[in-house]
Amino acid sequence: MHIEKTCGNEDVTILAIESSCDETAAAVVRNGRQVLSNIISSQIDLHTLYGGVVPEIASRKHIERINQVIAEALDTAGLVLKDMDAIAVTYGPGLVGALLVGVSAAKAISFASGIPLIGVHHIEGHISANYIENQELEPPYVCLVVSGGHSHLVRVNDYGEYEILGRTRDDAAGEAFDKVARAIGLGYPGGPKIDKVSKEGNPEAVKFPRAKVADAVYDFSFSGLKSAVLNYLNSCEMKGIEICQADVAASFQKAVVDVLVDHSMQAIQEYGMNKFAIAGGVASNSALRSALETECARRGIRFYHPSPVLCTDNAAMIGAAAYYEYRKGVCHGYDLNAVPNLKLGDR
Ligand code: KG4
Ligand code: ZN
């Protein structure tokens with residue numbers, strides 16, 4: 001559905017809502033790049049008790065928090081609802097019950113106020129987080145999206161126009177971090193914990209595999225690496241050898257980083273790009289960032305990355321993505337629904 005309202009040179013202010021997993025978030029974003037507020041209510045402490053996200057608990061907590069988080073986003077921005085040009089919301093992919101809370105709230109606000117509704121793809125949000133702190137970044141560029149649920153290598157041809165070069169065949173990168181962290185006794189959420197403990201470890205201590213997918217050069221596969229870590233832990237246990245947590249963490253992390261960097265550099269070269277960006281929770285990993293920094297510098301490529309708070313789930317990134325949809329005149333009807341397996345590029 002398209003709306004008549006186009007923005008010309010006027011400011012466009014968007015209230016954005018995100019509830020696809022375990023953060024209840026709302027933000028006010030102006031012109032896609034200026035964050036007036038960014039409120040994130042994390043449920044991580046609650047899910048830590050269970051070693052991972054429990055969907056039913058996530059939905060219930062979103063319901064409890066969403067109205068307050070939205071009110072706080074408007075308050076912090078010093079604005080009221082009628083100052084908004086659009087209400088944006090993540091409608092997929094994600095946990096269906098969690099997504100529904102944000103989608104229902106956004107539809108209700110849009111219906112009551114008459115302000116247009118824009119449904120946003122969660123991964124498009126992660127990619128768009130790069131526009132917030134890098135005012136000069138414009139497509140085309142290659143983006144590596146690595147989160148708890150997704151690992152995609154994407155060519156961003158224009159705003160909202162994506163070509164998926166590679167995706168994971170099994171576990172997402174963040175999922176592998178979380179599973180390995182649990183296996184070596186670090187607990188949930190695994191990514192930040194592995195990142196921290198790896199600083200004390202030797203990344204060359206254990207040789208873990210760097211998986212290649214034979215028929216698709218840019219696809220990823222992390223389940224073999226996860227199994228290799230589990231096999232290593234089992235064999236140490238059987239031999240009565242005590243593992244060094246930091247060495248296993250650092251060696252696992254290096255194996256993930258090597259594959260991500262290798263695929264990214266190959267894509268940049270093949271497509272002749274001079275700009276590269278990363279996005280998603282794993283994009284805040286310090287080893288990944290520094291390896292990409294080095295490799296991009298060596299090749300004269302501009303490297304873009306959001307700051308850690310904009311890498312993990314937030315609503316400011318949804319507001320950034322929604323702005324470019326708004327400029328195209330995109331607007332959703334009140335039949336907008338949560339789509340848990342929404343594909344990038346679907347409307
Ligand atoms: O993007 P995100 O917040 O949620 C999804 O859309 O999935 O990503 C969460 C994922 C988790 O798997 C978490 O362990 C991982 O990102 N993560 C990290 C780091 N910080 C978060 N992985 C590696 N290193 C980190 N510093
Ligand atoms: Zn995410």
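The exercises below, each with a worked solution, concern a predicted model.

**Exercise 1. Identify the protein donors of the zinc ion (ligand 2) and determine the geometry of its site.**

Solution. Begin with the protein atoms around the metal: the donors are His122 through NE2, His126 through NE2 and Asp313 through OD, and they lie 2.0 to 2.1 Å from the zinc ion. Next, place these donors along the chain, where their spacing reads H-x3-H-x186-D. Then turn to the angles, which run from 95 to 134 degrees among the four donor atoms of the site. Four donors count as tetrahedral if all angles lie between 85 and 135 degrees, and the site of the zinc ion (ligand 2) is accordingly tetrahedral. For comparison with an ideal arrangement, four tetrahedral donors would have angles of 109.5 degrees.

**Exercise 2. Explain why His122 and His126 are separated by about one helical turn, and state whether they are buried or exposed.**

Solution. First locate the two histidines, which both belong to helix α4, spanning residues 122-133. Because they are four residues apart in that helix, about one helical turn separates them. The general rule behind this step is that an α-helix has 3.6 residues a turn, so residues three or four places apart point the same way. As for accessibility, His122 and His126 are both buried.

**Exercise 3. Compare the span of helix α11 with its expected value, and work out how far the helix is enclosed.**

Solution. Helix α11 covers residues 316-327, and its 12 residues reach 17 Å from the first C-alpha to the last, which is close to the 16 Å expected at 1.5 Å a residue. For the second part, take the cut-off for burial, which is under 20% relative accessible area. By this criterion 11 of the 12 residues of α11 are buried, so the helix is largely enclosed by the rest of the structure; among them are Met317, Ile318, Tyr323, Glu325 and Tyr326. Finally, follow the chain just past α11, where Gly329 adopts a positive phi of about 85 degrees.

**Exercise 4. Find how many cavities of 30 Å³ or more the whole structure holds, and describe the lining of the second largest.**

Solution. A search of the whole structure yields two such cavities, and the second largest holds about 30 Å³ of space. Its lining is made up of Glu124, Ser128, Tyr131, Tyr159, Gly160, Tyr162, Ala320, Ala321 and Tyr324. Assigning these residues to elements shows that α4 and α11 are those that give two or more residues to this lining.

**Exercise 5. Describe the largest pocket, and place Ser147 in relation to it and to its contacts.**

Solution. The largest pocket contains about 1,000 Å³ of space, and 36 residues line it, with Ser147, Gly148, Gly149, Asp178 and Tyr188 lying nearest its centre. Among the contributing elements, α4, α5 (173-183) and α6 (190-198) each supply at least two lining residues, while the largest share, six residues, comes from α5. Now focus on Ser147, which sits in the loop between β6 (141-146) and β7 (151-158) and, at 6% relative accessibility, counts as buried. Leaving aside neighbours within four places in sequence, Ser147 contacts residues including Ala172, Ala173, Gly174 and Glu175, and also His126. This last contact leads back to the metal site, since His126 is one of the protein donors of the zinc ion (ligand 2).

Technical notes: Residues are numbered from 1 along each chain as its sequence is written. Chains are lettered from A and ligands numbered from 1 in the order in which they are written. This is a predicted model: local features need pLDDT of at least 70, side-chain atom pairs count only at pLDDT 80 or more; totals for chains, interfaces and linings use all residues. Side-chain values use heavy atoms; hydrogens and water are left out. Donors are N, O and S atoms within 2.8 Å of the metal (3.2 Å for Na, K and Ca); water is not among the atoms, so sites may look incomplete. Four donors count as tetrahedral if all angles lie between 85 and 135 degrees; four count as square planar and six as octahedral if opposite donors are over 155 degrees apart and all others between 65 and 115; anything else is irregular. Buried means under 20% relative accessible area, exposed over 50%, partly exposed in between (1.4 Å probe, protein chains only). The expected span of a helix is 1.5 Å times one less than its number of residues. On a 1 Å grid over the protein atoms alone, a cavity is a set of points where a 1.4 Å probe fits but cannot get out, and a pocket is an open set with protein on both sides within 12 Å along at least five of seven lines; lining residues have an atom within 4 Å of a point. Grid points are joined across faces, edges and corners, and a volume is the space filled by probe spheres set on the points. Contact means heavy atoms within 4.5 Å.
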